[in-house]
Structure formats: structure tokens, C-alpha cells
Amino acid sequence: MMPRAKTRIFLVIAAAAALAAAGACVFLFVQIKEKNERVSALHNEIELAAREEQVLAGQKTLLRDTAKLREELRRYFVSPDGAVAFFELLESVGARAGVTVSIESVEAEARAETSRVEELTLVLSAVGRWEDTLRFLGLLELMPLRLSIVQTALARVEGAHASLWRADLSLRVLKLRS
């Protein structure tokens with residue numbers, strides 16, 4: 001009976017070794033799976049960070065490439081604190097054209113589509129000789145601002161200076177809000 005007992009012992013030892021090997025394989029498989037999941041999560045984080053870095057680099061490039069255009073675009077608007085300077089500009093353009101400009105009213109209206117821009121409506125008059133008054137109107141059209149002449153009325157000034165003309169204007173200009 002000895003050989004059978006040895007076979008049984010050998011079989012039990014082999015079964016125990018097989019179970020130990022299977023346990024080790026399961027343990028290693030679980031460890032490898034956890035490491036793969038961690039590596040995958042880190043890989044995804046790295047890809048996300050790389051994409052974000054690419055987006056930021058693209059935005060920086062866009063900002064750098066459009067700086068000149070944005071500065072040029074800013075000149076089409078009256079600056080937030082530049083309303084008085086704009087009124088003085090109108091008066092100086094009038095003086096250079098040979099007319100006397102007087103601003104009669106100013107009204108600010110917020111634009112519905114954006115909160116950063118408001119529209120200034122100015123009512124003004126310019127008095128001068130016919131050709132000077134027309135030159136002033138032409139210079140207004142050439143101003144580098146988004147300026148619209150809404151209404152114009154030209155009339156000869158009655159009285160001692162029959163050679164003078166009066167232009168009554170309604171203008172709209174865009175102004176950046178602060």
C-alpha cells in the first residue's frame with residue numbers, strides 16, 4: 001500500500017502546488033489589471049493635458065496674430081472714457097474745415113446684442129460757408145470710427161451773414177462700455 005500512499009501524497013502536493021500557482025496567477029492578473037487601469041488613467045490625463053496645452057497654445061497664437069487687427073478694431077469705437085475727447089475731436093474737425101460746431105444733445109443707448117457696446121446719438125449743428133459745411137460732412141464720413149449720419153438738414157442762415165449755412169446733424173457712434 002505504500003506506493004498508493006506516496007501517490008496520494010504526491011497528488012495532494014501537486015494539487016496544493018497547482019492551487020498555489022493558480023492563486024499566484026490570479027493575484028498577478030489582478031495586480032496587472034490594476035496597473036493597466038492606472039496606466040490607462042494616467043495616459044488619459046496626459047492626453048487631456050496635452051490637448052489643453054495645444055488649445056492654450058493655439059489661443060496664445062491667435063491672440064498674438066490678431067493683436068494688430070484687434071487694436072485697429074478698437075479704433076472704430078469711442079473708448080469707455082473717451083466721450084469728451086470724441087466731442088472735442090468733432091469740434092476740432094469742424095474748426096479745421098472752417099465751421100463752428102456745437103453739440104446740442106447726447107444720448108447713450110445700450111445695444112441689445114451685447115453688453116460691452118453702447119450707441120451714442122448726438123445732435124449737433126455746424127455753421128460756416130457752403131463749401132466748408134460740405135467739407136465738414138465729408139470729413140465726418142472719413143472718420144475712423146463706426147459713425148453713421150442718421151439725419152442731415154442744410155439751411156442758409158438768415159440775417160447779416162447770408163453766405164453762411166447751417167447743417168443740423170444727427171449722428172450715431174459706437175462706444176465701448178466700461
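Here are three worked exercises on this predicted model.

**Exercise 1: the faces of helix H2**

Find out which residues of helix H2 are buried, and work out how they sit around the helix.

*Step 1.* Start with the helix itself. H2 covers residues 83-97, which makes 15 residues. From its first C-alpha to its last it reaches 21 Å, close to the 21 Å expected at 1.5 Å a residue.

*Step 2.* Now pick out the buried ones, meaning those under 20% relative accessible area. In H2 they are Ala-83, Phe-86, Phe-87, Leu-90, Val-93, Gly-94 and Ala-97.

*Step 3.* Look down the axis of H2. Its buried residues fall within an arc of 120 degrees, so they line one face of the helix.

*Step 4.* Flip to the face turned away from that buried side. There you'll meet the exposed residues Val-84, Ala-95 and Arg-96.

*Step 5.* What does the covering of the buried residues of H2 include? You'll find helix H3 (130-141) there, along with strands E1 (100-110), E2 (117-129), E3 (147-156) and E4 (164-176).

*Step 6.* Finally, peek just past the end of H2: Gly-98 takes a positive phi of about 95 degrees.

**Exercise 2: salt bridges along a helix**

Take the pairs Arg-51 with Glu-47 and Arg-135 with Asp-132, and work out how each one is placed.

*Step 1.* Recall the basic idea: side chains of opposite charge can pair when their charged atoms come close. A search of the whole structure turns up nine salt bridges.

*Step 2.* In the bridge between Arg-51 and Glu-47, the closest N and O atoms are 3.4 Å apart. Both residues belong to helix H1, four residues apart, or about one turn of the helix.

*Step 3.* Check their surroundings. Arg-51 is partly exposed at 47% relative accessible area, and Glu-47 is partly exposed at 33%.

*Step 4.* On to Arg-135 and Asp-132, whose closest N and O atoms are 2.9 Å apart. They sit three residues apart in helix H3, so about one helical turn separates them.

*Step 5.* Is each partner here buried or partly exposed? Arg-135 is partly exposed at 41%, while Asp-132 is buried at 7%.

*Step 6.* Zoom out a little: Arg-129, Glu-131, Asp-132 and Arg-135 are linked in a network of salt bridges.

**Exercise 3: a nonpolar patch**

Name the residues that make the nonpolar surface patch of about 290 Å², then place Val-30.

*Step 1.* The patch is made by Val-26, Phe-29 and Val-30.

*Step 2.* Val-30 is found in helix H1 (residues 2-74).

*Step 3.* With 35% relative accessibility, Val-30 counts as partly exposed.

Key
Residues are numbered from 1 along each chain as its sequence is written. This is a predicted model: local features need pLDDT of at least 70, side-chain atom pairs count only at pLDDT 80 or more; totals for chains, interfaces and linings use all residues. Side-chain values use heavy atoms; hydrogens and water are left out. Patches are made of residues with over 30% relative accessible area and no salt bridge: like charges are joined within 9 Å, nonpolar side chains (Val, Leu, Ile, Met, Phe, Trp, Tyr) within 5 Å. Accessible areas come from the Shrake-Rupley method with a 1.4 Å probe; for residues, only the protein chains shown count as cover. A salt bridge is a side-chain nitrogen of Lys or Arg within 4 Å of a carboxyl oxygen of Asp or Glu. Helices (H or I, at least four residues) and strands (E, at least two) are DSSP runs, numbered from the N terminus. Buried means under 20% relative accessible area, exposed over 50%, partly exposed in between (1.4 Å probe, protein chains only). The expected span of a helix is 1.5 Å times one less than its number of residues. The arc is that of the directions from the helix axis to the C-beta atoms. Contact means heavy atoms within 4.5 Å.
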